[in-house]
Amino acid sequence: MSKYMAFDAEAFANRDLLVEALKEMGFEQITVGVDLPLQGWDKRDNRVADVIIRRNDAKGIHLLGDIGFQRTAKGYVAVVDDMDLDYRLGRDFIRRLQTQYHEATARKMAKKFNGTLVKERVGNTIKIRVKF
Amino acid sequence: MPEIEFKIDTETGECQTEIKGVQGAACEKTAQQLKQLLGAPTIDQKTKEYFAKPEIKRQVKGK
């Protein structure tokens with residue numbers, strides 16, 4: 001039997017995998033909580049999030065504001081300052097995070113099934129096979 | 001050998017998964033576990049292999 005599925009949402013369903021993906025991107029200090037206030041944002045536009053990279057914890061990147069992920073019905077959605085995306089993180093920040101998140105998912109499934117993982121890259125595609 | 005194949009497009013962020021060689025309810029259970037981690041899929045379909053019936057060979061003994 002076989003089943004095919006495709007996922008392209010910019011919401012991250014699992015908090016632990018989101019944290020793992022952020023760490024893979026080089027963010028070592030990640031704050032986790034519930035409705036934590038984001039710092040560095042305009043006081044007229046107070047924002048809260050549940051997974052946060054504090055701007056002071058992002059070494060080597062001079063962020064204007066914290067990077068947050070707020071829990072929604074669809075998963076954790078990024079709350080990022082537009083200026084940070086344009087000038088510090090890059091507009092492809094979420095796409096790169098998605099890639100790391102999907103790789104973390106493959107690793108978790110391999111562990112769950114006590115399987116082996118084979119990864120190869122062909123052009124813009126990363127192909128991972130989890131055999132169990 | 002059962003496997004899950006992930007194809008991650010680094011340009012678009014899309015991830016395609018295919019569960020191969022997993023029978024019946026176990027296939028659906030594996031799909032459910034993937035959905036819990038990846039969220040709701042934009043495409044969710046059974047492949048031809050899903051509907052394939054196992055081949056039964058008939059042996060006719062000669063008299």
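## A sheet shared by two chains

Visitor: How many residues does the contact take from chain B?
Guide: Keep in mind that we're looking at a predicted model. On one side of the contact, chain A puts in 34 residues. On the other side, the number from chain B is 40.

Visitor: Which element gives the largest share of the side of chain A that touches chain B?
Guide: Three elements of chain A give two or more residues to that side: β1 (2-7), α3 and β8. As for make-up, the residues there split into 16 nonpolar, 9 polar and 9 charged. The largest share is 10 residues, and it comes from α3(A).

Visitor: What are the edge strands of the open sheet?
Guide: Walk along the 6 strands in order: β7(A)-β8(A)-β1(B)-β2(B)-β1(A)-β3(B), with antiparallel pairing. An edge strand here pairs on one side only. That leaves you with β7 (116-122) of chain A and β3 (43-46) of chain B.

Visitor: Over how many bridges do β1(A) and β2(B) pair?
Guide: Start with chain B, where β1 (residues 3-9) and β2 (residues 15-20) pair in the antiparallel sense over 6 bridges. Phe6(B), for example, stands opposite Thr17(B) in β2(B). Now hop across the chains: Ala6(A) has Gln16(B) of β2(B) as its bridge partner. The pairing of β1(A) with β2(B) is antiparallel, and its bridges number 6.

Visitor: Which helix packs on the sheet?
Guide: Look for a helix touching β7 and β8 (125-131) of chain A as well as β1 and β2 of chain B. Its direction makes about 10° with that of β8(A). Residues 93-112 of chain A fit the bill, and that's helix α3.

Key:
Residues are numbered from 1 along each chain as its sequence is written. Chains are lettered from A and ligands numbered from 1 in the order in which they are written. This is a predicted model: local features need pLDDT of at least 70, side-chain atom pairs count only at pLDDT 80 or more; totals for chains, interfaces and linings use all residues. Two strands pair if DSSP finds at least two bridges between them. Helices (H or I, at least four residues) and strands (E, at least two) are DSSP runs, numbered from the N terminus. Two residues are in contact if their C-beta atoms, placed from the backbone, lie within 7 Å. Axes are lines fitted to C-alpha atoms, for helices over the stretch in contact, and angles run from 0 to 180 degrees between N-to-C directions. Ala, Val, Leu, Ile, Met, Phe, Trp, Tyr, Cys and Pro count as nonpolar, Asp, Glu, Lys and Arg as charged, and the others, Gly among them, as polar.
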